[in-house]
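Subject: The structure we talked about

Dear colleague,

I am passing on the structure for you to look through, and below it I have written out what was found. Please keep it open beside this email while you read.

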Amino acid sequence: MFVVRTMPARLLICALLLQPFCGLHAAQTTLSEAEAARLLQQASFGPTLSDIQAASQLSAAQWIDWQLSLPATTHADKIETLPEQKTPVPLSRLETWWRIALTAPDQLRQRVAFALSEILVVSDQGNGLNNRVIALANYYDLLLAHSFGNYRDLLQQVTLSPVMGTYLSHLGNQKADVQNNIRPDENYARELMQLFTIGLYQLNPDGSKKLDAADNPIPTYNQQAIEGFARVFTGWTSAGTSNFLKPKADYLKPMIPFAAYHEPGEKHLLNGVVLPAGQTPQQDLKQALDLLFAEPSLPPFISKQLIQKLVTSNPSPAYVGRVTQVFVDNGDGVRGDLAAVVKAILLDEEARSGFSGVARPFGKIREPLLKTTHSWRVTQSAAPSSHIYLRTLADSHNQAPLQSPSVFNFFRPDFSPSATLQQAGLVAPELQLLTASNALNMQNHLYTQTVGSIAGLVANPTQYQMLARFSPFADVLQQRGLGPLLDQYSLLAFGGAMPAELRLLLSDLASGLGNIAPAQKAAYLWYFILISPQYAVQQ
């Protein structure tokens, strides 16, 4: 049975005493339990009662500072070979991801890395990376390492990652050779601009599109820029090889340059910038990434997506603008400080006041993975074998870590599923995951993981069945009654703000369940919360 780790006692005591040497800022306002639960909805893989209690001894800033101070819980070094396998398989990597998402103390870093994995996308689907288990975990660790670092450094590491080089085909990219019909591959050049840095259209600091004199959005780049950047990313291949054309595969170390295969001519990039002929691969790479990093559209483009993935799908322009300002300058003249950006996102008045403090619709659709991580964390679910095997993620969740169907992720940040939302200028990105089949499968999955997997009531559990501990909630139901149990569920699922109509429905449900075990009743109530339309929206 796993144990969800909370704040070490030493740090908690320091925070309570507000000693400056603890490295935690003095509190402005200590979080209530409801406020702590809302923060943890946005900044972790789901709040538990113990996490809420620990966070409620601190201010939001203190909790974030504590999380920023924790080392990364890495993946590649923890992957195990499954009992029936001789080498790690994709399921081994997924199991490691689940275990860390459920139990790691550095929840904020893990949640931010998950968000980055849906922006700086690589995938094991259909590109030869499926069995590169350690390599993919190593790429995820790269995102973890830079989640609170500088975005410019992250761009460099992503660009030179052999996993990204394989996925977007700039590993082994060669200079032009007309005789042999070789042209620089444009794949990474295009996606680097469109998805990883500046987007399709120039943006104002508040995330709105800049318009020309005819009120048309202004493109950020053109085909000439794509071709120029494609020439920049020539001459790089696997580390440790002496033959560019027949490289020895190395999926872990950053790619290395071969000047003989690097395009020697000028590279025409953005805004009339031309890299001179005769530069080394390293010089061209640095100057090209520096140019993109300095583009005014990059801070709002990345900032808004991080807000969407952590807090709300439709942030106000003012919210985006405030976070963009921190991305541009963290207060010490540093651009791209992700720790400062994440802190600004979570401490912003719009994030903390939520739907009661903003005019536009607030919140985000919960990703299917985040529903399962939350439920398993709340119920401390674990299998008798201690393994976490989910073999049907594609059927039930329609997503899995680093298994996107394309570089465009499982869903686009600008996806709007209906004409009504589109006319209102609103988006609901995560609904791009939803299909009739997936909705039913997810509902069945949640039933299996709650009502169908109650620890102590399953007669003959399989060694891989995740058993949910509902006994603490059954104790509340028996000793204190239905109201206090619904209060706990309200805190866990809604930050203490369970809608009145849902609470009434659950009360009626409890009355109609008849004479069943308290743990079963607690499980049914939690299950109906998980499948409710109210819980589908994280607020």
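Which residues are linked with Arg152 in a network of salt bridges? The network joins Arg152, Lys286 and Asp290, and I will come back to two of its members below. Please keep in mind throughout that this is a predicted model.

The chain as a whole

The protein chain contains 24 helices and 6 strands. Its radius of gyration is 24 Å, close to the 24 Å that the globule rule gives for 539 residues, so the chain is as compact as a globular protein of that length. If you take the principal axes as your guide, the C-alpha atoms fill a box of roughly 80 × 55 × 55 Å. Of the 539 residues, 54% are buried, and the accessible surface comes to about 22000 Å², with carbon and sulfur atoms accounting for 53% of that area. When we look at contacts between residues at least 6 apart in sequence, we find that 70% of them join residues at least 24 apart. As for charge, the chain carries 39 positive and 41 negative charges, and the mean positions of these two sets are 4 Å apart.

Salt bridges

A search of the whole structure finds 14 salt bridges, and three of the pairs are described here.

To begin with the network, the side chains of Arg152 and Asp290 meet at 2.8 Å, taken from N to O. Arg152 lies in helix 8 (residues 151-160) and Asp290 in helix 12 (residues 281-294), so this pair ties together parts of the chain that are 138 residues apart in sequence. Arg152 is buried, with a relative accessible area of 11%, whereas Asp290 is partly exposed at 27%.

The next pair is Glu430 and Lys364, whose side chains form a salt bridge with an N to O distance of 3.5 Å. Glu430 sits in the loop between helix 19 (419-423) and helix 20 (436-449), while Lys364 belongs to strand 5 (residues 364-365), so here the parts tied together are 66 residues apart in sequence. Are these two partners buried or exposed? Glu430 counts as buried at 4% relative accessibility, and Lys364 is also buried, with a relative accessible area of 1%.

The remaining pair is found within one helix: Arg99 forms a salt bridge with Glu95, and their closest N and O atoms are 3.0 Å apart. Because the two residues are 4 apart in helix 5 (residues 90-103), they are separated by about one helical turn. An α-helix has 3.6 residues a turn, so residues three or four places apart point the same way. Arg99 is partly exposed, with a relative accessible area of 31%, whereas Glu95 counts as buried at 3%.

Two residues to look at

Ala113 lies in helix 6 (residues 107-117), where it is buried with a relative accessible area of 0%. Which residues does Ala113 touch, if we leave aside its neighbours within four places in sequence? Its contacts are Tyr140, Leu143, Leu144 and Ser147. For Tyr140 the separation from Ala113 is 27 residues in sequence and 7.4 Å in space, from C-alpha to C-alpha.

Pro384 is in the loop between helix 17 (368-378) and helix 18 (393-396), and it is partly exposed, with a relative accessible area of 48%. Leaving aside neighbours within four places in sequence, Pro384 is in contact with Pro461, Thr462, Gln463, Gln465 and Leu467. You might also find Asn204 in the viewer, since Pro384 and Asn204 are 180 residues apart in sequence and 53 Å apart in space, C-alpha to C-alpha.

Helix 17

How many of the residues of helix 17 are buried? The helix is mostly covered, with 11 of its 11 residues buried, and among them are Lys371, His374, Trp376 and Arg377. Just after helix 17, Gln380 takes a positive phi of about 50 degrees.

With best wishes

Technical notes. Residues are numbered from 1 along each chain as its sequence is written. Side-chain values use heavy atoms; hydrogens and water are left out. The radius of gyration is taken over C-alpha atoms; the globule rule is 2.2 Å times the number of residues to the power 0.38. Buried means under 20% relative accessible area, exposed over 50%, partly exposed in between (1.4 Å probe, protein chains only). Contact means heavy atoms within 4.5 Å. Accessible areas come from the Shrake-Rupley method with a 1.4 Å probe; for residues, only the protein chains shown count as cover. Lys and Arg count as positive and Asp and Glu as negative; His and the chain ends are not counted. The place of a charge is taken as NZ of Lys, CZ of Arg, CG of Asp or CD of Glu. A salt bridge is a side-chain nitrogen of Lys or Arg within 4 Å of a carboxyl oxygen of Asp or Glu.
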